[in-house]
There are 2 protein chains.
Amino acid sequence: VLVAILLFDRVTALDAVGPYEVLSRVPGVDLRFVANEARIHRTDSGMLGLVADHTIDAVTAPDVVVVPGGPGTRALMGDEVIAGWIRDAHATSTWTASVCTGSLLLGAAGILQGVRASTHWSARERLARTGAVVSTSRVTVDGKVITAAGVSAGIDMGLTLVGLLCGPAQAEEIQLVLEYDPQPPYGAGSLESAPAEVVARVMARP
Amino acid sequence: VLVAILLFDRVTALDAVGPYEVLSRVPGVDLRFVANEARIHRTDSGMLGLVADHTIDAVTAPDVVVVPGGPGTRALMGDEVIAGWIRDAHATSTWTASVCTGSLLLGAAGILQGVRASTHWSARERLARTGAVVSTSRVTVDGKVITAAGVSAGIDMGLTLVGLLCGPAQAEEIQLVLEYDPQPPYGAGSLESAPAEVVARVMARP
């Protein structure tokens, strides 16, 4: 299985590293971080650099494409090189995946017309404008497109994807190795479950 | 708040990136990835490079120290430079934290004598040999030492830490921004909850 995970400047690290941590543990996987340029890309905070070892030109027919999100997606919305790569990869992929606002890049590539898709809760309206049918599920599978909600949802998406690729036994083994038995210490993880004042404070941020 | 997250060759990426993604969102935080050498460090799979911008010498009195785990901890168990840095940082830190087998490095530095601490389920015996009192909790707080279970538990630890540092309101805001409302598609996330045959298959791995 050849997996390509896209990187770019101002990517949200966990969007990429969540699925990576799961998918890199599939036996025999060839997982490559790709970008317009093969170099270090700084994450959204600027505090971490992630290395893309390969250019997108060098990885043209992955079985699985994963597009993470982050503030850096805004600069890529009109990038025809990235859009063309996503379109071409999607034409031959087994699964085309996104995390968070990475779905906006799938949409900008024109592959979400009439497709049900998830995104970060703050980007639902923008996703709808790409022609997607917005899903509020944490992970949405529609045909061969699998999309996750915000940031941390990429871990759930990754495990779902391993189940689809290799069957549940492999996904369960990886879940145990990653000790993925989440116990959030607070209850503010979704737009629907967070206390109203928490939502209001986050919405009021610049 | 000055936060130092240790990197090394063969680190498990999510161990470091989980707490990073949470802590980097604390207002005014100065978060630095540090290592013996300021360079790219390859993760355990070899498929990703993470950049340490700073040497440990350059970040000597962080308020928060985070030590991730991974197969690379084995090579560091006798590393007196790393152990000395952890000991010195712990002497002045507000919080000293680890994820997964990062707790073994805290133990090797001698700071877990009689301290309750968590680690990856597969490393509980090794942790006990450092003098720690092994906890099977996902996140354990004992004095100013906060330790997490395996890999993905670093996200829960990060949010707990933000609550301790800044109060619950800030932690809830970050949880919502990260849309951390986990919904694992399988139920094999802990040694205690995983089906026996899943545990047996993972234990039988080389």
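**Exercise 1. Find which residues of H7(A) are buried, and what they pack against.**

Step 1: Pin down the words. Helices are DSSP runs of H or I with at least four residues, strands are E runs of at least two, and both are numbered from the N terminus. Buried means under 20% relative accessible area, exposed means over 50%, and partly exposed is in between (1.4 Å probe, protein chains only).

Step 2: Go through the helix. The buried ones in H7(A) are Gln170(A), Ala171(A), Glu172(A), Glu173(A), Ile174(A), Gln175(A), Leu176(A) and Val177(A). That's eight of the ten residues in 168–177, so to speak a mostly covered helix.

Step 3: Look at the neighbours. From chain A, the buried residues of H7(A) pack against helix H1 (13–23) and helix H6 (153–166), and from chain B against helix H8 (196–203).

Step 4: Step off the end. Just after H7(A) you meet Glu179(A), with a positive phi of about 45°.

Before you go on: this is a predicted model, where local features need pLDDT of at least 70, side-chain atom pairs count only at pLDDT 80 or more, and totals for chains, interfaces and linings use all residues. Residues are numbered from 1 along each chain as its sequence is written, chains are lettered from A and ligands numbered from 1 in the order written, and side-chain values use heavy atoms, leaving out hydrogens and water.

**Exercise 2. Describe the surroundings of Gly18(A).**

Step 1: Place Gly18(A): it sits in helix H1 of chain A.

Step 2: Check its cover. Gly18(A) has a relative accessible area of 1%, so it counts as buried.

Step 3: List its contacts (heavy atoms within 4.5 Å). Leaving out residues up to four places away in sequence, Gly18(A) touches Gly154(A) and Ile155(A).

Step 4: Try a distance. The C-alpha atoms of Gly18(A) and Pro68(A) are 9.7 Å apart, though 50 residues separate the two along the chain.

**Exercise 3. Work out how compact chain A is.**

Step 1: Count the elements: chain A has eight helices and eleven strands.

Step 2: Compare radii. The radius of gyration, taken over C-alpha atoms, is set against a globule rule of 2.2 Å times the number of residues to the power 0.38. Chain A comes out at 16 Å, close to the 17 Å the rule gives for 206 residues, so it is as compact as a globular protein of that length.

Step 3: Add the burial: 62% of the 206 residues are buried.

Step 4: Check the confidence. pLDDT is the predictor's confidence in each residue, from 0 to 100; its mean for chain A is 97.
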